[in-house]
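Trainee: Please choose one part of this model and look at it closely for me, and then follow its surroundings outward, so that I can see how the pieces around it are arranged.

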Amino acid sequence: MNRFLEHLSFCAGVFALFLVGFGTTSSARAEVRVVASVPSLGALVQEVGGDLVHVDTLAAPNQDPHFVDARPNFVLLLHRADLLVQVGLGLEVGWLPPLLTNSRNAAIQLGRPGNLDTSTVCGPLLGVPQGAVDRSMGDVHPGGNPHFLYDPAYALRVAQGIADRLSSLDSAHAATYQANYHAFEGRLQAKRTEWQHLTAPYHGQKFVAFHESTIYLAQFLGLHEAGFIEPQPGISPNPRHLAQIILSMRHDGVHLVLGEPWYDAETSRVVAERANASLVRLPGDVGANGVHSYIELLDHIVRSITQALASHG
Amino acid sequence: MQRSMKIALAILWFSRATLALAQTSDADPPREATDSTATAPADEVVATDQPTATSTTDDGDDAGTTPDAGQTATPDEAASESDDDEAALAAELTAELGGGAAGAEPEAAPTPETSGGGGGGGGGGGGGGAALGRVLMLPNISLILTSGLWYFSDRPTRRPSGHDPTANASGFRFQLQEIELAFQAAIDPYLRADVFFALGLDQIEVEEAYLTTTGLPAGLQLRAGQMYARIGRFNTQHFLETQPFVDAPLVNRHFFSSEQVRGLGAELSWLAPLPWYVEVSAQMLTANNEQSFGVPVDQTRHARDFLAVGHLDQFFALSDTWSVKWGLSYAQGPNITGGLEHTAHDRTQIFGSDLYLKWRDLQSHRYVALQSEFLLRRADVEGGRVTEGGLYAHLDARLSQNWQLATRFDWLGLPSKVSGAPDFGVTTAPAMEPFTPFAQWRAALAVSYYFSEFQRWRLQYGIDRLKSGAAGVVASRDPVHEVLLEYQIVMGSHGAHPF
């Protein structure tokens, strides 16, 4: 019996140590714990929150944000979070809802102050389907196209939304969040002027993208989407459709093919080659390909696209 | 086994090539007229004006082969050329990309399952697909239809009628496995509800219908209603959508018959405040499983009539791509071999361990997963005790957006031990013999093709060898060969996938 008690108290001691260790690491960390669904949102939170926040990101930078595994370790991050920042419009619908339920965290449930759906603050949504919508159109997003972070004007409004939400959750530091936001705005605006100079010569040119993720990017760069390698969103390309795309690219003088790293490189390469166009693999999200901030991400995209277009005179 | 692997791979490549050919040769004349819809799918209707321009110029203008020579050919030549060019180019592309347009991996589910609900307690679906539905405050509604055509070389054993392929004799059989109708929604800021009906041709059953709290303090969560018992991994899932096979593992069918273990009751679970994922849960459910347990809901009076289940889940993120989930289960409840008066002594216990190891390629939909469960049943019946174990292990590989390959092995009778002189007493049906130990194994190989996230075919070959069991009916027999062809569609809201 004594032996049993000895074991029991040893186990209890180990358990207590865990709890203490856990408690101290958490209190030593930053004050506001934020979980961002995708890396570029995480980067924006970091810009606005600075040292006052601790940011965790769920989707990996080189991963298709539509298709993330709902790994249980994400439940832990969400359980401890004060704020969840998500894209919305159904981008995360395949994996975030069960994580949110299992998080047992009332503060970050839908509609609570701790849950920020950035599609509600990003500005006018594009690609909202008109009329009846069903899956014969492929896997459409009925609320609108969720890839708005490709346009810095949208990202700026999202950053403002994050600053406002952080200010209300942590009102003691509201002034800092707003100041951080304005600093970020200043840097981003300066960059936007630079990007505008870079892209101006190519305004009105066309490109083909793999998936319909580029509608906001086209708006930002002053380019036009001339078609997609996927025949419909989420539907695998077939040779017939690819042939149509290639012929229309040749005909219309389309010199650019875009695709994120999670879309099939081989198909994109073949289309670009046969249409005498350049393939630009978009870098993915912040954290991939040596891109460490939101501004670096757009800088990388603008430079690779303008270089590709320049090579076609 | 190696041989059947090779055959399956050959079938896979053959059908892939056939499909690619079908797509290439499918020259449809009205295609040009619908060009604008083909190049500008609905998602972009508002903002894309380009594709319309493309289609109008396509009709009357040339489709010269180099961009620079764009304006030279006459409209007439171009109209006839463009069709030929397109077909020729499509054929070249098929050759270059190796069929199926290179099995490209754009947007589609890494896992096919939708509305996977139960797995890991508390389903998903909140904020689901139908935006209009959300505006109207409708719950997320989905309907999943699964049916199949089977061939058995002989009468199969341990294929109880229900959702598994079933037959009373050798030969072909068509079966509607299930139409699953699910409703999932938040009730108010504190609670959500998930309801799953299984519809058959002439019956409706409630598979699960439970409420889940979303904001209890201290990492606690309460569920109440009809729910699957958390015995292992398979038992908690709506397996027709989530598992890569047409049927359930043998050990689950042997211990729990045609349905998974489920009951009315409540569950309390706790997310431990540890640096890794540890979830502890306890359930009290009515013990109305037809095989291992057995007090009907309307005759449940005492605490001892309930099924008690304890489960411990742990998850380790080994890296961004490697994950391990490990579960331990214990369940204890009454069996009715001695009738309802003796349920205090006639108890069934289940010990279980389940392991799920997964590698996921982040940049595509490819993954490889190993799933294995061991279940041990100890049944105390009048005059003795029967101890029996069963194991399954499966390997599941998602090769691309469209293809999935899986193989499974099932064993029963590790161990198999009868002590005393057990009297199985009241058995509800002679064929069930709830506690007769079986010595049996099965092996299966399944290939699935997903047309899209919402439609798939699955072809499974299985071999089933019963060495002993089903006392009084069969002692030993030749292997049964099974060929199972299954079709599934998913309608409605896009549920989330449990890990």
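**A close look at one part and its surroundings**

Mentor: With a relative accessibility of 28%, Leu125(A) counts as partly exposed. Everything that follows refers to a predicted model. Leu125(A) sits in the loop that lies between β4 (115-117) and α5 of chain A, and, once its neighbours within four places in sequence are set aside, it is in contact with Leu89(A), Ser119(A), Gly143(A), Phe148(A) and Tyr216(A). By contrast, Ala190(A), which is 65 residues apart from Leu125(A) along the chain, has its C-alpha atom separated by 25 Å from that of Leu125(A).

The two elements that flank this loop lead into the rest of the chain. Strand β4(A) belongs to an open sheet of four strands in the order β2-β1-β3-β4, with parallel pairing; β4(A) is one of its edge strands, the other being β2(A), and each of these pairs on one side only. Neighbouring strands in this sheet are turned against each other by 20° on average, if direction is ignored. Inside the sheet, β1(A) and β3(A) run parallel and are joined by three bridges, and Val35(A) has Leu84(A) in β3(A) as its bridge partner.

Helix α2(A) lies across β1, β2 and β3 of chain A, and its direction is at about 175° to that of β2(A). Of its 11 residues, 10 are buried, so α2(A) is largely enclosed by the rest of the structure. Those buried residues are Pro39(A), Ser40(A), Leu41(A), Gly42(A), Ala43(A), Leu44(A), Val45(A), Glu47(A), Val48(A) and Gly49(A). Their cover includes the strands β1 (32-36), β2 (53-57) and β3 (83-86) of chain A, together with the helices α5 (152-169), α6 and α10 of chain A; α5(A) is thus both part of this cover and an element that bounds the loop of Leu125(A). Just after α2(A), Gly50(A) takes a positive phi of about 55°.

One part of that cover can be described in greater detail. Helix α2(A), residues 39-49, packs with helix α6(A), residues 174-199, at an angle of about 115°, and their axes are 7 Å apart. In this contact Leu44(A), Glu47(A), Val48(A) and Gly49(A) of α2(A) meet Tyr177(A), Asn180(A), Tyr181(A), Phe184(A) and Arg187(A) of α6(A), a group that divides into five nonpolar, two polar and two charged residues.

Helix α6(A) in turn packs with helix α10(A), residues 294-310, at an angle of about 0°, the axes being 11 Å apart, which means that α6(A) is roughly parallel to α10(A). On the α6(A) side the residues are Phe184(A), Arg187(A), Leu188(A), Lys191(A), Glu194(A), Trp195(A), Leu198(A) and Thr199(A), and they meet Tyr294(A), Ile295(A), Leu298(A), Asp299(A), Val302(A), Arg303(A) and Thr306(A) of α10(A). The residues of this contact divide into eight nonpolar, two polar and five charged. Phe184(A) and Arg187(A) take part in the contact of α6(A) with α2(A) and also in that of α6(A) with α10(A).

Beyond these helices there is another open sheet in chain A, in which four strands follow the order β6-β5-β7-β8 with parallel pairing. Its edge strands, each pairing on one side only, are β6 (224-228) and β8 (278-281) of chain A, and the twist from one strand to the next averages 30°. Helix α9(A), residues 265-274, packs on this sheet, where it touches β7 (256-259) and β8 of chain A, and its direction makes about 150° with that of β8(A).

Strand β5(A), residues 206-209, runs parallel to β6(A) and is joined to it by four bridges. Within this pair Lys206(A) stands opposite His224(A), and Ala209(A) stands opposite Phe228(A). Together with helix α7(A), residues 215-221, these two strands make a right-handed β-α-β unit. Strand β5(A) also pairs with β7(A), in the parallel sense and over two bridges, and here Val208(A) stands opposite Val257(A).

How values were computed
Residues are numbered from 1 along each chain as its sequence is written. Chains are lettered from A and ligands numbered from 1 in the order in which they are written. This is a predicted model: local features need pLDDT of at least 70, side-chain atom pairs count only at pLDDT 80 or more; totals for chains, interfaces and linings use all residues. Side-chain values use heavy atoms; hydrogens and water are left out. Axes are lines fitted to C-alpha atoms, for helices over the stretch in contact, and angles run from 0 to 180 degrees between N-to-C directions. Contact means heavy atoms within 4.5 Å. Ala, Val, Leu, Ile, Met, Phe, Trp, Tyr, Cys and Pro count as nonpolar, Asp, Glu, Lys and Arg as charged, and the others, Gly among them, as polar. Angles under 35 degrees count as roughly parallel, over 145 as roughly antiparallel, 65 to 115 as roughly perpendicular and the rest as oblique. Two strands pair if DSSP finds at least two bridges between them. A crossover is right-handed if, with the strands pointing away from the viewer, the path from the first strand over the helix to the second runs clockwise. Buried means under 20% relative accessible area, exposed over 50%, partly exposed in between (1.4 Å probe, protein chains only).
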